[in-house]
Amino acid sequence: MAIKKILFISYDGMTDPLGQSQVIPYVTSLSKYGYEFTIVSCDKPDKYIANKGYVQNLIAAYPIKWVSIPYHKNPAVFSSIYDLFQLKRKVAALYRQEKFDMVHTRAGLPVLVALWLKKKYKIKFLNDIRGFWADERVDGGIWKLKNPLYNLIYQFFKKKEAEALEVADYNICLTYAGVKEISSWTNITHQPLSIELIPCSVDIQLFDPEKIDSALKAEFKKELHIADDDFIISYLGSIGGWYLTDEMMRFCKVVSDKMPKAKFLFISPDADNTIITAAKACGLNADKIIIKQGKRHQVPVLLSFSNYSLFFIKPCYSKKASSPTKHGEIMAMGIPVITNAGVGDVEEIVTKYNAGYMLHDFSTASFITIADKIIAGDHFNKEEIRAGATAYYALETAVAKYKKVYDLINQ
């Protein structure tokens with residue numbers, strides 16, 4: 001097959017953890033099969049300055065060009081309009097140079113650019129929805145539908161979501177629950193759609209408990225004051241939004257009251273004072289909280305301290321289509337999770353692979369039940385949990401599915 005030029009547009013920055021875990025591993029792998037990439041991303045200026053070199057090193061050996069434009073957060077709405085203008089202008093200039101064969105986009109503003117490219121240049125379009133983007137903004141409290149402006153914006157993006165699903169040459173969804181929901185939408189005229197299910201994947205080779213850098217782990221252990229007999233429950237990723245910080249802190253407080261040696265490791269890019277304030281609000285002492293931001297290659301080492309890993313996500317409509325990146329990474333390390341039902345396919349995966357404890361509510365009584373089970377002893381097999389991650393979340397499987405879709409579109 002002749003080399004095909006692919007334009008990949010992401011509103012998530014490549015200097016953010018999500019770009020490094022859920023974009024770069026895919027495109028570097030796909031570039032080995034005759035696909036040449038130009039990635040256009042919107043990066044937060046501070047993250048870009050700090051991590052530009054790191055990202056460039058990740059892609060240096062591959063036929064991948066990376067073009068970053070600044071992400072703007074304020075003022076609300078107007079900053080997004082400006083970002084859209086910047087994206088469209090940059091992409092138009094790149095298309096004149098490269099004459100891309102296909103555009104691959106994540107949800108949100110990039111879809112608007114892809115629809116424009118599809119209409120103007122008849123370019124092939126892979127719609128990687130990765131979730132119900134507009135509904136995530138509502139469920140996360142970003143768009144208040146009582147506000148007429150946000151209601152109008154929401155309706156606009158829902159209309160574009162349906163249009164993209166219809167005109168795309170192929171669609172990607174993260175979960176069975178999401179595919180089922182999309183299949184029920186009566187406003188889509190071309191049902192059933194061409195949809196490939198590809199959950200957020202994990203690099204099984206990177207997240208391998210047998211390959212932990214012992215010297216780096218010893219360094220972190222000293223820096224973070226982790227004792228041999230500490231019982232570590234970790235949390236991986238950002239907090240806030242649909243991540244239920246208060247509920248997680250309440251759970252940690254219950255465990256702390258029952259287990260004096262329990263400590264809670266937040267592997268997070270969020271400000272320390274934000275996490276500490278949330279802990280104190282729930283009566284959890286600051287000395288129980290450990291906070292460390294790690295680069296991608298450091299995250300497996302930090303996770304390796306965990307006896308369990310915790311994440312609670314708001315079980316709302318938009319989360320039907322959500323596949324938490326952290327879940328595959330935690331399972332690949334053989335760590336049992338403590339999480340809640342109502343988020344994508346998480347409950348089915350945890351149940352199938354006996355990979356942790358599921359909560360169906362956030363009551364203190366339920367927290368006590370799980371804490372008592374933890375105290376009673378570990379009933380989880382690390383090798384079986386890792387095997388589950390390999391079966392469901394492996395990067396190699398995701399890349400094979402992406403390659404199949406790319407080949408179908410570009411044949």
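Visitor: Leaving aside neighbours within four places in sequence, which residues is F251 in contact with?
Guide: This is a predicted model. Neighbours within four places in sequence are set aside for F251. What remains as contacts is I233, L310, F312, I338, F367, I370 and I374.

Visitor: How many residues does the largest nonpolar core have?
Guide: F251 and I338 have the most contacts inside this core. Nonpolar side chains tend to be buried together in soluble globular proteins. For the largest nonpolar core here, the count is 74 residues.

Visitor: Which helix gives the largest share of this core?
Guide: That share amounts to 6 residues. They come from residues 245-258, which is helix α10.

Visitor: How many residues are in the second, separate core?
Guide: I9, V91, L112 and V113 are included in it. This second core is separate, and its count is 33 residues.

Visitor: Is L126 buried or exposed?
Guide: L126 sits in strand β5, residues 124-128. Among its contacts, beyond neighbours within four places in sequence, are M102, V103, Y170, I172, V405 and I409. The relative accessible area of L126 is 0%. Buried means under 20%, so L126 is buried.

Visitor: What distance separates the C-alpha atoms of L126 and K5?
Guide: Along the chain, L126 and K5 are 121 residues apart. Their C-alpha atoms are separated by 13 Å.

Visitor: Which residues is S21 in contact with, leaving aside its neighbours within four places in sequence?
Guide: S21 belongs to helix α1, residues 17-22. It is buried, at 6% relative accessible area. With neighbours within four places in sequence left out, the contacts of S21 are R296, T325 and E329.

Visitor: What kind of aromatic pair do W143 and F157 form?
Guide: A search of the whole structure finds 25 aromatic pairs. For W143 and F157, the centres are 5.8 Å apart and the planes are 35 degrees apart. Under 30 degrees counts as stacked and over 60 as edge-to-face, so 35 degrees fits neither. The pair is tilted.

Visitor: How many residues apart in sequence are the parts that the pair of W143 and F157 ties together?
Guide: W143 lies in the loop between α6 and α7, and F157 in helix α7. W143 is buried at 9%, and F157 is buried at 11%. The pair therefore ties together parts whose separation in sequence is 14 residues.

Visitor: What kind of aromatic pair do Y235 and Y243 form?
Guide: Their centres are 6.5 Å apart, with 75 degrees between the planes. Y235 is buried, at 2% relative accessible area. Over 60 degrees sets the type, so this pair is edge-to-face.

Visitor: Which ring does the charged end of K295 sit over?
Guide: K403 lies over the face of Y33, 5.2 Å from the ring centre. The charged end of K295 is 5.2 Å from the centre of its own partner ring. That ring belongs to Y54.

Visitor: Which residue caps the N-terminal end of helix α9?
Guide: Helix α9 covers residues 214-223. A side-chain oxygen lies 3.0 Å from the backbone nitrogen of A215. The oxygen belongs to the capping residue, D213.

Visitor: How many disulfides does a search of the whole structure find?
Guide: C252 has C282 as its nearest cysteine sulfur, 8.9 Å away. A disulfide needs sulfur atoms within 2.5 Å, so C252 is in none. C252 is buried at 2%, whereas C282 is partly exposed at 21%. Across the whole structure, the number of disulfides found is 0.

Visitor: What is omega for the cis peptide bond that joins N74 and P75?
Guide: Most peptide bonds are trans. P75 lies in the loop between β3 and α4. A second cis bond joins Q191 and P192, with P192 in the loop between α8 and β7. For N74 and P75, omega is about -5 degrees.

Visitor: What is the positive phi of K122?
Guide: Most residues other than glycine have a negative phi. K122 lies in the loop between α5 and β5 and is exposed, at 66% relative accessible area. N354 also has a positive phi, near 45 degrees. For K122, phi is about 60 degrees.

How values were computed
Residues are numbered from 1 along each chain as its sequence is written. This is a predicted model: local features need pLDDT of at least 70, side-chain atom pairs count only at pLDDT 80 or more; totals for chains, interfaces and linings use all residues. Side-chain values use heavy atoms; hydrogens and water are left out. Rings of Phe, Tyr and Trp (its six-membered ring) pair if their centres lie within 6.5 Å; planes under 30 degrees apart count as stacked, over 60 as edge-to-face and the rest as tilted. Helices (H or I, at least four residues) and strands (E, at least two) are DSSP runs, numbered from the N terminus. Buried means under 20% relative accessible area, exposed over 50%, partly exposed in between (1.4 Å probe, protein chains only). A charge sits over a ring if NZ of Lys or CZ of Arg is within 6 Å of the ring centre and within 35 degrees of the ring normal. A polar contact is a pair of N or O atoms within 3.5 Å; within protein, one must be able to donate a hydrogen and the other to accept it, and residues adjacent in sequence count only if both atoms are side-chain atoms. A nonpolar core is a set of buried Ala, Val, Leu, Ile, Met, Phe, Trp, Tyr and Cys residues joined through side-chain atoms within 4.5 Å. Contact means heavy atoms within 4.5 Å.
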